[in-house]
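Reader: I'm new to reading protein models and would like to practise on one. Can you put it up so that I can ask about it?

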Amino acid sequence: MTKLYLLVRRCLTVVLIFGTLASFAQQTVTGKVTAADDGSGIPGVNILEKGTTNGTVTDSDGNYTINVGANATLVFSFVGYSSQDVAVGGQSVVNVALQSDVTSLSEVVVVGYGSQDKKEITGSVVALTAEQFNRGNVNDPRQLLQGKVPGLSIYNRGGNPNSPATFRLRGISTIGSNSQPLIVIDGVLGASLDNVDPNDIESINVLKDGSAAAIYGSRGSAGVILVTTKRGAKGKATVDYNGYVAADQVSRRQPVMTASEYIAAGGNDLGSVTDWQDEVTQTGISNVHNIAIAAGSQNTTFRSSINYRNVNGVLRKSGFDQVNVRANLSHSAINNKLKFDLGFSSTDRRSDFSFNEALRYAVLFNPTAPVKFPNGDFYQAILFDNYNPVAILEQNINEGKRKTINYNARVDYSMLENLTLTVNFARQFENNFNGTYFSRNSFWMGLNRKGLARRFVSDFDFTLFEGWGTYQKSFGKVNLDVTAGYSFQQDNYEDIYIEAGGFQNDDLGYNQLEQAADFSLGGGRPNVSSSQSPNNRIIAFFGRANLTFDKGIYFNASVRREGSSKLGVNNQWGIFPAFGLGVDLAKYVDLANVNVLKFRAGFGVTGSLPNQSGLTQDLYTFDRNNYTVRFARNGNPDLRWEQKEETNIGVDFGIGSKLTGSVDFFVRNIKDFILERDVEQAVFVSGRRTENVGALRTKGIEVALNYNSVNIGQVKWNPGIVLSSNSTELTEFFNTRFVTGEFGSPGQNGTPLNLVEVGKKLGTIWGPVFDRVQIDGINGNVVLKDLNGDGVIKGDAGQALLEDADFMELGKAFPTLEMGWTNQLTYKNWDVNVFFRGAFGHSLINQFRGFYEPIDPGAINSYNRIKTDKAVAGLTEAKFSSLYVEKADFLKLDNITLGYRVNLPNSNSFRNIRFYTTVQNAFVLTKYTGIDPEPVFGDTEDNNNPLVTGIDRRNTYFFARTFTLGVNVGF
């Protein structure tokens, strides 16, 4: 903290110096900026002295004042309007009328290995700038996009600050390989999003379809996210400070019996009244500070920033401290023919992971039990699967450290008038450490082992080298842009894990492994494992051609030939082609009030690689219990690429000066999943091998609509909505019909939850249907429905696949519709952003209810009960059925932000000051009774298996509402 204090103090000193040395203007210019269509003043218009960073913004009525140098040119810009350059000359008053340009067709969009005018893009690409990002307490860059991109599903159920959000672009893209989109940061493939602070991001572009992503080959099968960080500009130095404090409070808790209700239901009264959910949660206070310094001369620009985040979640002892540093330098030479770009970023993060299990046991622990005995020891009853949740947090340690460093260097040389050569080199290093210790006194995990320690360390490094050339030429009405290049990627990974128990005391936690009795002669055997990957390499050659005719017809085609060392020697190379065509009919057909009507179609092929290395080689494992070596898996020299073919048809439109939008329809066919499976031992001795098996098809539609400036008096309202719907069908698999997933312990381990069947959609929740309660003495048992009417109820777990079994589809794990609704309002110096997000058509299996809602006369003595209006009177048997599958449709007020911009007339020190307050998760409308109604795409207890879906497990982090107060200051 001392180092941070000194750094902040130095940065503030720099701020004061720059404020003091601000240059004196030679001329004062005033004026008003209005909308050309109705003459109303436009607040918040950016006004910049061209070639400098000297600027201002208009006030609530569109008026401005700025001091400029001699022979200055002013640049006026505002979202939804065409920018204008106006030479000041000797004028002291400059009034400007901005023309609406809601189509923004001249916008330059970053794509793979280059950029294109938005109007020329034929694929499905969404470009977002910083002004469009989600706001508030955003610690994960992924959350900036949540609900903003049609087809991009981003969920962080509960909001654990140490858990990254789940990405899914256009549904399920694979079953056995990488399901996360490729991240490209400032042109560096595979860069870590964890090494970029949200404050440093300038824009994010999403390449959704195969024709746009195919240029990245195997890395682009699940889509591509292109991140551009902020850079310096020519002109005088500027300093920006962004800071906020946020408070997280539990918004939704599990509904359980109070102490009095528990006693009345027959529970064991231990004499206390304890709200265990309250005992393990807190108001999580977070502090975030960002300072950035930017400067530039005629040939060199520079920007550096430091970001500090102290984040605390609602679960006690959960959060992290993080320091991130980023620097970007650009320099041009030889009359701007030669350009150098250097980038560096470093992140040091220290996390307290806490234990989500404390939330689980806080729900079921006896509400009349004390937290501690009178002697200060934690209360603990000797019961199965029932532990004092406060003791879990206080007695045990679960923490980690992560350090990430990356740097990149890029050189562009304009060799000829139309030819530019580019070389890009990057390295990334990541080190992870996790340490866990369970106390000798901890009934949960530690007592039986006399203390239990775990240490895990991993190292990852990545190298990228790419070179390409770009040729651009105009031939009359034809514009040609050709790119061709080479790519080399290599990554290496190694780790070591040690687990041992048997300690004399808890003093050194996980730092005393050498003292563990497990390592001594006659002691138990410690658990030790380690691994190291070979040099995983990808080599590729790629090319692309973009052709524009008459500024209204657009064609592009690309191809990438790629080889990977992870695949079999017989199938290491693959070819990934793509092409697209677009036509703007509004240029050739006179349609009343239609400015843009661009139809586009694209087709692309991408591949996917296995996550593991060595799948082509035989695998032998060592059994430390009996000191034997086992042949665990046969290698597959014929292992090949998983392949995705995608067709996208879309239309972009602009009506009048207000309404714009797009509609996309897509079909994905994915085949040759890379999966380890059982094989015939007569052919493959181990009985296991990784093979290419299976295929699926995903279909979907996506809609985006934006309306510019609904004027209600002096209030301007800019609404926008995105909608998406998709479904995935399994079209081929080695097992044509099977059940998977399980409800869990106690007593329901073998109970399946999902049906997977060729020809059916994925995400099917499968099970018996609850009929009634049958009273037998003090017991109320579940009676299931006889669905086929044969007079015999076959609803047990082992009968789930019988043709005449009484099982049916109980719900769908995936939403049929996802929505994001943005509302931006301005009034004078005030701005308001209101963002709603919803998902509809999905269901969740409420595991808490399935275990703890029935009032078992035996269990009620020691375990609390879930209390909902869905409970069935008299039911005592805990058994999975349709009773615990709930519709989870929801609509959230995800984010509401109120900001105020301070007027700064004739200020030589401050460029801007803005105060704001934000509420995240302000409210949620849902009938789901659990913690969080957001969908579950993969099971957290089965490595996020995409075939096990829709299960709301008992370790879900509690849903939080966040209040934020912040300030943005520019010097």
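Reader: Which residues is Asp186 in contact with, leaving aside its neighbours within four places in sequence?
Author: This is a predicted model, where local features need pLDDT of at least 70 and side-chain atom pairs count only at pLDDT 80 or more, while totals for chains, interfaces and linings use all residues. Residues are numbered from 1 along each chain as its sequence is written, and side-chain values use heavy atoms, with hydrogens and water left out. A contact here means heavy atoms within 4.5 Å. With the neighbours within four places set aside, the list for Asp186 is Val227, Thr228, Thr229, Arg231, Arg326, Asn328 and Asn408.

Reader: Where does Asp186 lie, and which side chain does a polar contact of 2.6 Å join to that of Asp186?
Author: Asp186 sits in the loop between strand 13 (182-185) and strand 14 (188-189). Strands (E, at least two residues) and helices (H or I, at least four) are DSSP runs, numbered from the N terminus. A polar contact is a pair of N or O atoms within 3.5 Å; within protein, one must be able to donate a hydrogen and the other to accept it, and residues adjacent in sequence count only if both atoms are side-chain atoms. At 2.6 Å, the side chain joined to Asp186 is that of Thr229.

Reader: Is Asp186 buried or exposed?
Author: Buried means under 20% relative accessible area, exposed means over 50%, and partly exposed is in between (1.4 Å probe, protein chains only). Asp186 has a relative accessible area of 18%, so the word for Asp186 is buried.

Reader: What does the side chain of Asn895 reach at 2.4 Å?
Author: You'll find Asn895 in strand 48 (residues 890-901). With a relative accessible area of 5%, Asn895 is buried. Its touching residues, not counting those up to four places away in sequence, include Gly136, Phe835 and Thr918. As for the 2.4 Å reach of the Asn895 side chain, the target is the backbone oxygen of Arg135.

Reader: How many residues apart along the chain are Gly820 and Gly147?
Author: Gly820 belongs to strand 44 (residues 817-827) and is buried, with a relative accessible area of 2%. Gly147 is one of the residues in contact with Gly820. Their C-alpha atoms are separated by 4.6 Å, yet along the chain the two are apart by 673 residues.

Reader: How many of the eight residues of helix 5 are buried?
Author: Helix 5 covers residues 357-364 and is mostly covered. What covers its buried residues includes helix 4 (276-280), helix 6 (389-395) and helix 7 (847-852). Among the buried ones are Arg360 and Tyr361. Out of eight, the number buried is seven.

Reader: Which is buried and which is exposed, Asn335 or Asp672?
Author: Phi of Asn335 is near 55 degrees, and phi of Asp672 is near 65 degrees; each is a positive value in a residue other than glycine. Asn335 lies in the loop between strand 20 (319-333) and strand 21 (338-352), whereas Asp672 lies in strand 34 (residues 659-678). At 75% relative accessibility, Asn335 counts as exposed. With a relative accessible area of 15%, Asp672 is buried.

Reader: Which peptide bond is cis, with omega near 10 degrees?
Author: Look in the loop between strand 38 (737-740) and strand 39 (754-757), the place of Pro746. The cis bond leads into that proline, from Ser745 to Pro746.
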